[in-house]
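Trainee: I would like to learn how to read a structure step by step. Where do we begin?

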Amino acid sequence: QRQELVDVLRFASRRVENNGLTYISQNALPRLFIGQWLGTEALGLFAVARRLLDQLHNILSGPVAAVAFPAAAQLQHDRERLARLIETSVRLTTWVFWPVVLGVAMVAPVLVPLAFGDGWAGAIPVLQILALGTLRAPVSSFNTAVLVAFGRMGSVSFISVLSIVLGAAFLSVGVQYGLVGVAAALSLRQWALWPVGAM
């Protein structure tokens, strides 16, 4: 039916908007600041640290976020079961994800040179600081999946725009302290956004 097609196109266009804003917030903005003020070497160190944490996130909590979307869509009229799903998912991802990420941060002085070579030792403190912000990643992904399941793409875009604004403000200060300052700014932004995502 024509109306169904319009609904699907509207949904798809909002998801494209969500993904574009998320890309700007999570990838383009940090790389712009690092590349512009700290140079390509710093950008490479940042990319290595970020890639390792992103892979952990995709492996450990990606499946939960992927299942959350259809599950939340089916349960959107059963708030009690949805609340149990949210609680279980948050508990599961936290109990699995946090120990692994914190463990990787602790062994980073051994892990990074072993995996990438001694030339990448500058990525160690960046990895350790970014890990503190990454702790919030599973819950953030799950929140986004639930909001999308409820058709609240405007809320997802709002959080991403706020992330861009906060990111630009924090990064403009953090970049003055080098790559470690950038990592601290990004981790601080993740935790500053937590109350907004929770609401």
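Trainee: About how much area does the protein chain expose, and what share of it do carbon and sulfur atoms supply?

Mentor: Start with the surface as a total, then ask which atoms make it up. Here the protein chain exposes about 10,900 Å², and carbon and sulfur atoms supply 66% of that area. Keep in mind that this is a predicted model.

Trainee: What does the predictor's confidence look like along the protein chain, and where is it lowest and highest?

Mentor: Confidence is given for each residue as pLDDT, from 0 to 100. The protein chain averages 92, and 100% of the residues score at least 70. Helix α3, residues 62-74, has the lowest confidence with a mean of 81, while helix α8, residues 178-192, has the highest at 97.

Trainee: How many helices and how many strands are there in the protein chain?

Mentor: Count the elements, then read their order. The protein chain has nine helices and zero strands. Read from the N terminus, the order is therefore α-α-α-α-α-α-α-α-α.

Trainee: What radius of gyration does the protein chain have, and what would a compact globule have?

Mentor: The idea is to compare the value with a rule based on chain length. For 199 residues, a compact globule would have a radius of gyration near 16 Å, and the 18 Å of the protein chain agrees with this. Along the principal axes, the C-alpha atoms fill a box of roughly 60 × 35 × 30 Å.

Trainee: What percentage of the contacts in the protein chain joins residues 24 or more positions apart?

Mentor: Sort the contacts by how many positions lie between the partners. Of the contacts with a separation of 6 or more, 77% are between residues 24 or more positions apart.

Trainee: How far apart are the mean positions of the positive and negative charges?

Mentor: Take each kind of charge as a group and find its mean position. The protein chain has 14 positive and 9 negative charges, and the two mean positions are 4 Å apart.

Trainee: What percentage of the residues is buried?

Mentor: The share is 38% of the 199 residues. A residue counts as buried when its relative accessible area is under 20%.

Trainee: Why does Leu53 count as buried?

Mentor: Leu53 counts as buried because its relative accessibility is 1%, under the 20% cut-off. Leu53 lies in helix α2. Leaving aside neighbours within four places in sequence, Leu53 is in contact with Val101, Leu127, Leu130, Ala131 and Thr134.

Trainee: Is His57 buried or exposed?

Mentor: His57 is buried, with a relative accessible area of 14%. His57 is found in helix α2, residues 40-60. Beyond four places in sequence, the residues that His57 touches include Gly62, Phe97 and Ala137.

Trainee: Where does Leu75 lie?

Mentor: Leu75 lies in the loop between α3 and α4. A loop residue can be checked for burial in the usual way: Leu75 has a relative accessible area of 12% and is buried. Leu75 touches Arg81, Leu82 and Leu85, not counting residues up to four places away in sequence.

Trainee: Why is Tyr23 classed as partly exposed?

Mentor: Tyr23 is partly exposed because its relative accessible area is 47%, and partly exposed covers the range between 20% and 50%. Tyr23 is in helix α1, residues 2-37. The C-alpha atoms of Tyr23 and Ile34 are 16 Å apart, with their positions 11 residues apart along the chain.

Trainee: How far apart are Pro125 and Ala49 in sequence and in space?

Mentor: Read the two distances side by side. Pro125 and Ala49 are 76 residues apart in sequence and 9.0 Å apart in space, C-alpha to C-alpha. Pro125 is in helix α5, residues 123-134, and is partly exposed at 31% relative accessible area.

Notes. Residues are numbered from 1 along each chain as its sequence is written. This is a predicted model: local features need pLDDT of at least 70, side-chain atom pairs count only at pLDDT 80 or more; totals for chains, interfaces and linings use all residues. Side-chain values use heavy atoms; hydrogens and water are left out. Helices (H or I, at least four residues) and strands (E, at least two) are DSSP runs, numbered from the N terminus. The radius of gyration is taken over C-alpha atoms; the globule rule is 2.2 Å times the number of residues to the power 0.38. Buried means under 20% relative accessible area, exposed over 50%, partly exposed in between (1.4 Å probe, protein chains only). Contact means heavy atoms within 4.5 Å. Accessible areas come from the Shrake-Rupley method with a 1.4 Å probe; for residues, only the protein chains shown count as cover. Lys and Arg count as positive and Asp and Glu as negative; His and the chain ends are not counted. The place of a charge is taken as NZ of Lys, CZ of Arg, CG of Asp or CD of Glu.
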